[in-house]
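The following note is offered to a colleague who has the coordinates open. Its points proceed from the overall fold to individual residues.

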Amino acid sequence: MQQFHNFLVLLLPLLLLPLIISDVAEGSLAGRWEPIKDINDPHVTEIAEFAVDEFNKQGNTGLKLVAVVKGETQVVSGTNYRLILKATDGTTTKTYQTIVWEDALKNKKLTSFEPFLG
């Protein structure tokens, strides 16, 4: 019976190995930045508008969101959204990179907002 138990202990990791490898291959590991498939998704726009609004509050500026150009998400204890967006001050339009953290309850926090140097 002990030999059978030892055999199972050795066999189990081998049986689980394909599942672990497939998760790595699909990029589903927490902490990895993944492209946002639909940057026109209303929730992505909501995140971008939040970022611009918070930046305006912090810097007493009057930027307005023009468009989300590109985005990625990162699963942490919540989700980080790293967005490349265009915003205008009414005169000129510039490109910015922002990171917004959102928890499971949809609470958001602006982590960074800076000119995108590309």
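1. Read along the sequence, the chain has the order α-β-α-β-β-β-β, which amounts to 2 helices and 5 strands. The model is a predicted one, and the remarks below should be read with that in mind.

2. As to overall burial, 29% of the 118 residues in the chain are buried. The exposed surface of the chain is about 8200 Å², of which carbon and sulfur atoms supply 59%. Contacts between residues at least 6 apart in sequence include a 40% share that joins residues at least 24 apart.

3. The strand pairing merits inspection from the N-terminal side. Strands S1 (33-35) and S2 (residues 64-76) run antiparallel and are joined by 3 bridges. Within this pairing, Pro35 has Glu72 of S2 as its bridge partner. S2 also pairs with S3, again in the antiparallel sense, over 11 bridges. One position in that pairing is Gly71, which stands opposite Leu83 in S3. The connection from S2 to S3 is a hairpin through 1 residue.

4. Which residues have the most contacts inside the largest nonpolar core? They are Leu63, Leu83, Leu85, Tyr96, Val100, Leu110 and Phe113, in a core of 17 residues. At least two residues of this core come from each of H2, strand S3 (78-88), strand S4 (93-102) and strand S5 (108-115). H2 provides the largest share, 6 residues. As a general background, nonpolar side chains in soluble globular proteins tend to be buried together. Leu83 therefore appears twice in this note, as a core residue with many contacts and as the residue opposite Gly71.

5. Val100, one of the core residues listed above, shows which parts of the chain meet at this point. Beyond its neighbours within four places in sequence, Val100 contacts Ile47, Phe50 and Ala51, then Thr79, Asn80 and Tyr81, and finally Lys108, Lys109 and Leu110. Leu110 is itself among the core residues with the most contacts.

6. The aromatic pairs deserve a separate point. There are 3 such pairs in the count. In one of them, the ring centres of Phe55 and Tyr96 are 6.5 Å apart and the planes meet at 45 degrees, so the pair is tilted. Phe55 belongs to helix H2 and Tyr96 to strand S4, and the pair links distant parts of the chain, 41 residues apart. The distance of 6.5 Å should be read against the pairing rule, which requires centres within 6.5 Å.

7. Tyr96 also pairs with Phe113: here the ring centres are 5.0 Å apart and the planes are at 35 degrees, so this pair is tilted as well. With Tyr96 in strand S4 and Phe113 in strand S5, the pair ties together parts that are 17 residues apart in sequence. Through ring pairs, Phe55, Tyr96 and Phe113 form a cluster.

8. Are the members of this cluster buried or exposed? Tyr96 counts as buried because its relative accessibility is 9%, below the 20% limit. Phe113, at 13% relative accessibility, likewise counts as buried. Phe55 has a relative accessible area of 22% and is therefore partly exposed.

9. A contact between a charge and a ring is also present. The charged end of Arg82 is placed over the ring of Trp33, at 4.0 Å from its centre.

10. Ile39 is located in the loop that runs from strand S1 to helix H2 (42-59). Where does this loop residue make its contacts? Apart from residues up to four places away in sequence, Ile39 touches Val44 and Thr45, together with Val68, Val69, Lys70 and Gly71. Between Ile39 and Lys70 there are 6.5 Å from C-alpha to C-alpha, although the two are 31 residues apart in sequence.

11. Two residues other than glycine have a positive phi and may be checked together. Asn60, with phi near 50 degrees, is placed in the loop between H2 and S2. Asn60 is exposed, its relative accessible area being 72%. Lys106, with phi near 70 degrees, is found in the loop between S4 and S5. Lys106 is partly exposed, because its relative accessible area is 49% and the exposed class begins over 50%.

Terms used
Residues numbered from 1 in each chain as written. Predicted model: local features only at pLDDT ≥ 70, side-chain atom pairs only at ≥ 80, totals over all residues. Heavy atoms only, no water. Helix = DSSP H or I, 4+ residues; strand = E, 2+ residues; numbered from the N terminus. Contact = heavy atoms within 4.5 Å. Core = buried A, V, L, I, M, F, W, Y, C linked by side-chain atoms within 4.5 Å. Buried < 20%, exposed > 50% of the residue type's maximum accessible area, 1.4 Å probe, protein only. Phe/Tyr/Trp six-rings, centres within 6.5 Å; stacked < 30°, edge-to-face > 60°. Lys NZ or Arg CZ within 6 Å of the ring centre and 35° of its normal. Areas by Shrake-Rupley, 256 points an atom, 1.4 Å probe, with all protein chains shown as cover. Pairing = 2+ DSSP bridges.
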